[in-house]
Amino acid sequence: MTTTSPQATDRTEPVHTQLQYQLALFARRMEQVRTSGGGVAALDRAAYLLLDRLDRHGPANIKALADALGVDSSTVTRQMAPLVASGLVGRVQDPADRRAVRLALTPHGCGQLAEVRDGRAELARRLVADWPPEEQHAFCSLLARFNLAMESYSADQQGGQNP
């Protein structure tokens, strides 16, 4: 089933009109792949980003995770609860303050994250298999740059709302 519309291929539209449409389509298709399985182990976006953060940076408290991901502490608390309940994340003592608790990836969480990463990487490889390597690298670089621009924009918006 194809959801391409004339807007998606109409090169006479301004680039920003085309870009916003392509981003909306991308978000929809990513969600379709995630919910259908699409050959990729299931882990929602929030869980994936939290597990990835713990894997890359080690144990952290809720506030540090919230700051790193640009969300509220209450959001991280809510998103973390099922990860702890399922044994993907565990609580460990903070070495700097024995009364405080940090969250850490468990061996089960490491395995689940590795499975999801591998599945997503394989899917990405298949999707761009017929692209020249330089286009694959350019796409990745431009997407990373776009994500950084969105992060900066979001931070600027939050800063403007909370003087």
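Trainee: What phi does Gly 58 take just after α3?
Mentor: Gly 58, which comes just after α3, takes a positive phi of about 85°; helices here are DSSP runs of H or I with at least four residues, and strands are runs of E with at least two, numbered from the N terminus. This is a predicted model, in which local features need pLDDT of at least 70 and side-chain atom pairs count only at pLDDT 80 or more, while totals for chains, interfaces and linings use all residues. Residues are numbered from 1 along each chain as its sequence is written, and side-chain values use heavy atoms, leaving out hydrogens and water.
Trainee: And what caps the N-terminal end of α3?
Mentor: Asp 44 does, with a side-chain oxygen 3.1 Å from the backbone nitrogen of Ala 46.
Trainee: Is Asp 52 buried or exposed?
Mentor: Asp 52, which lies in helix α3 (residues 45-57), is buried at a relative accessible area of 12%, where buried means under 20%, exposed over 50% and partly exposed in between, with a 1.4 Å probe and protein chains only.
Trainee: Which residues does Asp 52 contact, leaving aside neighbours within four places in sequence?
Mentor: Asp 52 is then in contact with Leu 113 and Arg 117, contact meaning heavy atoms within 4.5 Å.
Trainee: Switching topic, in which sense do β1 and β2 pair?
Mentor: They pair in the antiparallel sense over six bridges, where pairing requires DSSP to find at least two bridges between the strands. β1 and β2 form a hairpin with two residues between them, and Gln 93 stands opposite Val 101 in β2.

Methods: Polar contact = N/O pair within 3.5 Å; in protein donor to acceptor, adjacent residues only side chain to side chain.
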